[in-house]
Amino acid sequence: MTENEIRKGLAGVVVDTTAVSKVNPETNSLLYRGYPVQELAATQPFEAVAHLLWSGELPSPEQLAELRRIEREHRALPDNVRAAIDLLPLEAHPMDEVRTAVSVIGASDTAGGGSVLDASGSPEENLARSIRLYAALPAIVAYGQRRRRALDPVEPRDDLDYSANFLWMTFGEEPDPVVVDAFNRSMILYAEHSFNASTFTARVVTSTLSDLYSAVVAAIGALKGPLHGGANEAVMHIFDEIGSAENVVPWLEAALAEKRKIMGFGHRVYKKGDSRVPTMKAALDTLVEHYDRPDVAALYTALEHEFVSRKGIYPNLDYPSGPAYNLIGFDTLTFTPLFIASRVTGWTAHIMEQAGSNALIRPLSAYNGPDERHVEGYVASAEER
Ligand code: CMC
């Protein structure tokens, strides 16, 4: 890249180092702290992956037990967060609801309004804040979905792990192990993805020495957009529009003629296929079987086949996760908040990494506005001249 060359969207620009994860589009691999994400999704509970992202190592049995103890301690929806959500219109987008809830948690942590680097933001304190946020998010997401369905909230259960308890608080029923396993895999696959738009946003905010909560709130704003996290919600709207596999060809022809983007396909980094898709597709397959919904698998396969053969653009993680969350019973509007509940682990790992070796992120721009001109009648004072 030559000096002053502009790379729109920072495409291909390496802005810093990170030890949190490595994306390699050539080998179609994604490593969290060195471990292939597929291996983690097949073998670990989400809690262990959260520990890995924050600390750099998978937990010992004692460390996992300790994280689970703290997580369980902070599972209940704080009263003031519930009160703040209740003030919002029922039509508010759940992403706005979760963003507001995190803001309330931040404002209530009166030691947390300070900088990520000052005395109120030591690495230990920021780790404790990260764990508390990750522990509280399932209650926030579950409360939102139940509120929209006019259902009473469900109290957390101490005898269930993170994923099972998340489903319990959302649906008020003990979840089937097949469903817990698919959901746990999705949480692991969504947890981290290097310098994606929301993580980079969190790092920009952190670089100003703002606080951890402000960085997470900003990241939620970036995640909401359909080119990023909002795509899993958008995929489901597309599935609803198409209806069934027979309608795929006419629907796709019309969509492409209108130059619509097909949500759930394409990626800035992966051009030959998203490394997370096969694992999530396998999880979707278990759900299709569990719920006996071959129609969902038929639509999935038909759209993938038609779009890939016409455009050579492959599915990303949001393509299998959208229908998976739908089968589990989440409202479409709740899909991207589920992404928050997972990605908060990656965001906070990056916030702590940025804070640990900070440089203000402040790029340059090339001005292309009008040449210098002057306000009619303005006469510069002697000092200004
Ligand atoms: N549907 C139709 N055309 C597409 C798509 C798509 N999903 N993705 C890329 N293209 C076309 C695009 O129109 C462009 O064509 P042309 O050169 O003729 O103008 C070409 O492919 C390059 O696309 P781009 O948008 O310039 O490439 P990018 O690297 O900026 O885009 C992307 C990456 C994810 C924004 C894009 O693929 C997209 O909009 N996909 C749909 C939204 C989506 O699924 N987002 C989730 C991303 S993965 C999860 C996450 O990070 O949150």
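Leaving aside its neighbours within four places in sequence, which residues is Asp318 in contact with? In this predicted model, Asp318 is in contact with Ala231, Asn232, Val235 and Gly264 once those sequence neighbours are set aside.

## Overall architecture

The secondary structure of the chain comes to 16 helices and 3 strands. Its radius of gyration is 22 Å, close to the 21 Å that the globule rule gives for 385 residues, so the chain is as compact as a globular protein of that length. Measured out along the principal axes, the C-alpha trace spans about 80 × 55 × 45 Å.

Buried residues account for 43% of the 385 residues in the chain. Of the contacts between residues at least 6 apart in sequence, 77% join residues that are at least 24 apart.

## Two domains and their contact

The chain is divided into domain 1, made up of 17-230 + 332-356, and domain 2, which covers 231-328. Taken over C-alpha atoms, the centres of domain 1 and domain 2 are separated by 25 Å. Where the two meet, 27 residues of domain 1 are in contact with 27 residues of domain 2.

On the side of domain 1 that touches domain 2, the elements giving two or more residues are β2 (29-32), α1 (37-43), α8 (177-190) and α16 (335-356). Helix α8 gives the most to this side, with 8 residues. By class, the residues of the side of domain 1 that touches domain 2 divide into 16 nonpolar, 9 polar and 2 charged.

## The ligand shell

The ligand is surrounded by 18 residues, of which the closest are Ala231, Phe265, Gly266, Arg268 and Asn316. Sorted by class, the shell around the ligand holds 7 nonpolar, 8 polar and 3 charged residues.

Where does the ligand lie with respect to domain 1 and domain 2? Both domain 1 (17-230 + 332-356) and domain 2 (231-328) give residues to the shell, so the ligand lies between them.

## The annotated positions His267 and Asp318

An unreviewed UniProt entry places the feature "active site" at His267 and Asp318. Although these positions are spread over 52 residues of sequence, they cluster in space, with a largest C-alpha distance of 10.6 Å.

His267 is placed in the loop between α12 (248-257) and α13 (277-291), and it counts as buried because 21 C-beta neighbours lie inside 10 Å. Apart from its neighbours within four places in sequence, His267 is in contact with Asp274 and Asn316; Asn316 is also among the residues listed as closest to the ligand. Asp318 lies in helix α15, which comprises residues 318-328, and this aspartate is buried, with 29 other C-beta atoms within 10 Å. Among the contacts of Asp318 outside its own sequence neighbourhood is Ala231, a residue that is likewise listed among the closest to the ligand.

## His350 in helix α16

His350 is found in helix α16, one of the elements that give two or more residues to the side of domain 1 that touches domain 2. Is His350 buried or exposed? His350 is buried, because 27 other C-beta atoms lie within 10 Å.

Not counting residues up to four places away in sequence, His350 touches Thr18, Val20, Thr199, Ala202 and Arg203. By contrast with these contacts, the C-alpha atoms of His350 and Glu306, which are 44 residues apart along the chain, are separated by 38 Å.

## Residues with positive phi

Leu10 has a positive phi of about 55 degrees although it is not a glycine. This leucine is placed in the segment before β1 (21-24), and Leu10 is partly exposed, with 14 other C-beta atoms within 10 Å.

Arg33, which is also a residue other than glycine, has a positive phi near 50 degrees. Its place is in the loop between β2 and β3 (35-36), and β2 is one of the elements that give two or more residues to the side of domain 1 that touches domain 2. With 19 other C-beta atoms within 10 Å, Arg33 is partly exposed, since a residue counts as buried if 20 or more such atoms lie within that distance.

Definitions and conventions: Residues are numbered from 1 along each chain as its sequence is written. This is a predicted model: local features need pLDDT of at least 70, side-chain atom pairs count only at pLDDT 80 or more; totals for chains, interfaces and linings use all residues. A residue is near a molecule or strand if its C-beta atom, placed from the backbone, lies within 6 Å of it. Ala, Val, Leu, Ile, Met, Phe, Trp, Tyr, Cys and Pro count as nonpolar, Asp, Glu, Lys and Arg as charged, and the others, Gly among them, as polar. Domain bounds come from an automatic or database domain assignment. Two residues are in contact if their C-beta atoms, placed from the backbone, lie within 7 Å. Helices (H or I, at least four residues) and strands (E, at least two) are DSSP runs, numbered from the N terminus. The radius of gyration is taken over C-alpha atoms; the globule rule is 2.2 Å times the number of residues to the power 0.38. A residue is buried if 20 or more other C-beta atoms lie within 10 Å of its own, exposed if 12 or fewer, and partly exposed in between; C-beta atoms are placed from the backbone. UniProt positions are given in the numbering used here, feature names are shortened, and annotations may be inferred rather than shown by experiment.
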